[in-house]
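The following questions and answers examine one protein model step by step. Please keep the sequence and the structure in view while reading.

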Amino acid sequence: VLHEIFSAEHALGPEAAGSLHRLNATAREAVAALDEVVWAINPRNDTLANVADYLCHCATEYFRPLEIACRLDAPAEWAPLQVRAQIRHQILLAFKEALQNVIKHAAATEVTLTLRFEAPEMVVFLEDNGRGIPEEPAGTEKDGLSNMRERLQSVGGICRVSPRKEGGTCVEMRVKI
């Protein structure tokens, strides 16, 4: 906010304005990253309902500026189960990787986030209507998919990425709660 006030109060050349804009973006990213860490370790967030709410919030906030429609399908009531901080953190990081993959690679206009509890697992489906995944992902695409799988495996979960019949991609995450 102070960056924005400063740029509004002072005439800046294009180079200085660009530098201030980059500084502003970096500060916002740092605050968002800190917010995620605080959320992940805060014991008040250790319920299945809070995890679901946070994933829905992340998805809508991620896609809103890009005008990608985000449809949410989640129960209004959740089983009163505790979710350990480590599990919350790994789910969130894998989920954010999936969101980033939609933005970077899918060219999607619509995403559907479906959340369920299928005892004993929390199930997350992130489906997009984009171009789908290549048969042999390479480079950062391959790394991102591996990272999601490794994060969930570290807490006893799984991650499957598959093409949708209708076009696009489906990311399925399952973690025992």
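Q: How many bridges join strand 2 to strand 3?
A: In this predicted model, strand 2 covers residues 110-118 and strand 3 covers residues 121-128. The two strands run antiparallel, and F117 of strand 2 stands opposite M122 in strand 3. The number of bridges that join them is 8.

Q: Which residues does the cis peptide bond join?
A: The loop between strand 2 and strand 3 contains P120. Most peptide bonds are trans. Here, however, omega is about 5 degrees, and the cis bond joins A119 and P120.

Q: In which sense do strand 1 and strand 2 pair, parallel or antiparallel?
A: One facing pair between these strands consists of A69 and E110, the latter in strand 2. The pairing extends over 5 bridges. Its sense is parallel.

Q: What is the handedness of the β-α-β unit made by strand 1, helix 4 and strand 2?
A: The handedness is judged with the strands pointing away from the viewer: a clockwise path from the first strand over the helix to the second counts as right-handed. The unit formed by strand 1, helix 4 and strand 2 has the other hand, being left-handed.

Q: Which strands are the edge strands of the sheet?
A: The sheet is open, has 5 strands and shows mixed pairing, with the order 1-2-3-5-4. Its twist averages 15 degrees from one strand to the next. An edge strand pairs on one side only, and this holds for strand 1 (69-73) and strand 4 (158-163).

Q: At about what angle does helix 3 run to strand 2?
A: Helix 3 comprises residues 48-63 and lies across strand 1, strand 2 and strand 3. Its buried residues include L48, Y54 and F63. Relative to strand 2, helix 3 runs at about 175 degrees.

Q: How far apart are the end C-alpha atoms of helix 3, and which span should its 16 residues have?
A: The expected span rests on 1.5 Å a residue, so the 16 residues of helix 3 should span 22 Å. The distance in the model agrees with this value. The end C-alpha atoms are 23 Å apart.

Q: Across which strands does helix 4 lie?
A: Helix 4 is formed by residues 85-106 and runs at about 10 degrees to strand 3. The strands across which helix 4 lies are strand 2, strand 3 and strand 5 (169-176).

Q: Is A107 buried or exposed?
A: A107 lies in the loop between helix 4 and strand 2, and A107 touches V102, G130 and R131, not counting residues up to four places away in sequence. The C-alpha atoms of A107 and R131 are separated by 6.4 Å, although the two residues are 24 residues apart along the chain. Because the relative accessible area of A107 is 56%, and the cut-off is over 50%, A107 is exposed.

Q: What is the phi of E67?
A: E67 is located in the loop between helix 3 and strand 1, and E67 counts as exposed at 72% relative accessibility. Most residues other than glycine have a negative phi. For E67, by contrast, phi is positive, near 55 degrees.

Definitions and conventions
Residues numbered from 1 in each chain as written. Predicted model: local features only at pLDDT ≥ 70, side-chain atom pairs only at ≥ 80, totals over all residues. Heavy atoms only, no water. Pairing = 2+ DSSP bridges. Helix = DSSP H or I, 4+ residues; strand = E, 2+ residues; numbered from the N terminus. Axes fitted to C-alpha atoms, helices over the stretch in contact; angles between N-to-C directions. Contact = heavy atoms within 4.5 Å. Buried < 20%, exposed > 50% of the residue type's maximum accessible area, 1.4 Å probe, protein only. Expected span 1.5 Å × (residues − 1).
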